[in-house]
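Reader: Hello! I am new to this structure and would love a close look at one part of it.

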Amino acid sequence: MLLLNPDDLKHITDQAEAAFPYEACGLLVGFQRVGGDVEVTRVAASKNMVAALHQDRFEIDPEMRLRVMRELCHAAPATLPGAKRAIVGHYHSHPNGASTPSATDLSMAWEPELIWLITAVVSGQAVQSMAYLLSESGTRFNDIGLGYLASD
């Protein structure tokens with residue numbers, strides 16, 4: 001299951017609504033808990049590098065991703081023993097679409113360990129977010145569930 005702070009999900013849905021009718025995108029930073037759940041500790045918004053060319057595609061800014069990776073190399077360890085913060089996934093929106101992975105998403109999935117968080121935006125309003133992980137065979141996505149962390 002992907003565990004996310006409600007404020008972080010609000011940030012994602014706000015970004016998705018602001019980008020409409022284009023796709024919004026960004027990175028999910030966090031760590032894997034004992035037991036397998038993945039906790040998001042930070043959301044990093046990205047410019048969609050292909051929005052000017054395609055309304056229904058996204059590409060995370062590679063410079064932003066490298067910057068986040070560098071920051072993680074120098075960051076203090078996560079609060080749980082053995083939990084190393086890393087890029088655990090990415091998010092994007094589906095304008096006037098469902099919160100399920102598209103055939104394009106499947107064709108673009110090349111990092112099987114990364115979670116895909118997809119937010120459906122209908123008529124400019126975010127309506128649903130769901131989390132997925134690529135199957136071991138790489139032929140489909142599996143819904144892994146989305147849970148919420150307690151707000152501070």
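Which residues have the most contacts inside the largest nonpolar core?

Author: Happy to help! This is a predicted model, where local features need pLDDT of at least 70 and side-chain atom pairs count only at pLDDT 80 or more, while totals for chains, interfaces and linings use all residues. Residues are numbered from 1 along each chain as its sequence is written, and side-chain values use heavy atoms, leaving out hydrogens and water.

Inside the largest nonpolar core, which has 17 residues, those with the most contacts are Leu-27, Ile-60, Met-64, Val-68, Ile-87, Trp-116 and Phe-141. A nonpolar core is a set of buried Ala, Val, Leu, Ile, Met, Phe, Trp, Tyr and Cys residues joined through side-chain atoms within 4.5 Å; buried means under 20% relative accessible area with a 1.4 Å probe, protein chains only. Two or more residues each come from β2, α2, β5 and β6. Such helices (H or I, at least four residues) and strands (E, at least two) are DSSP runs, numbered from the N terminus.

Let's follow Leu-27. Beyond its neighbours within four places in sequence, Leu-27 is in contact (heavy atoms within 4.5 Å) with residues including Ile-60, Met-64, Val-68, Ile-87 and Tyr-91. Tyr-91 also belongs to a second, separate core of 14 residues, along with Leu-2, Leu-4 and Ile-12.

Now the strands around this spot. β2 (residues 25-32) pairs with β4 (residues 86-95) in the antiparallel sense over 6 bridges; pairing requires at least two bridges found by DSSP. Within β4, Tyr-91 is the bridge partner of Gly-26. Helix α2 (residues 62-74) lies across β2, β3 and β4.

Key
Axes are lines fitted to C-alpha atoms, for helices over the stretch in contact, and angles run from 0 to 180 degrees between N-to-C directions. Buried means under 20% relative accessible area, exposed over 50%, partly exposed in between (1.4 Å probe, protein chains only).
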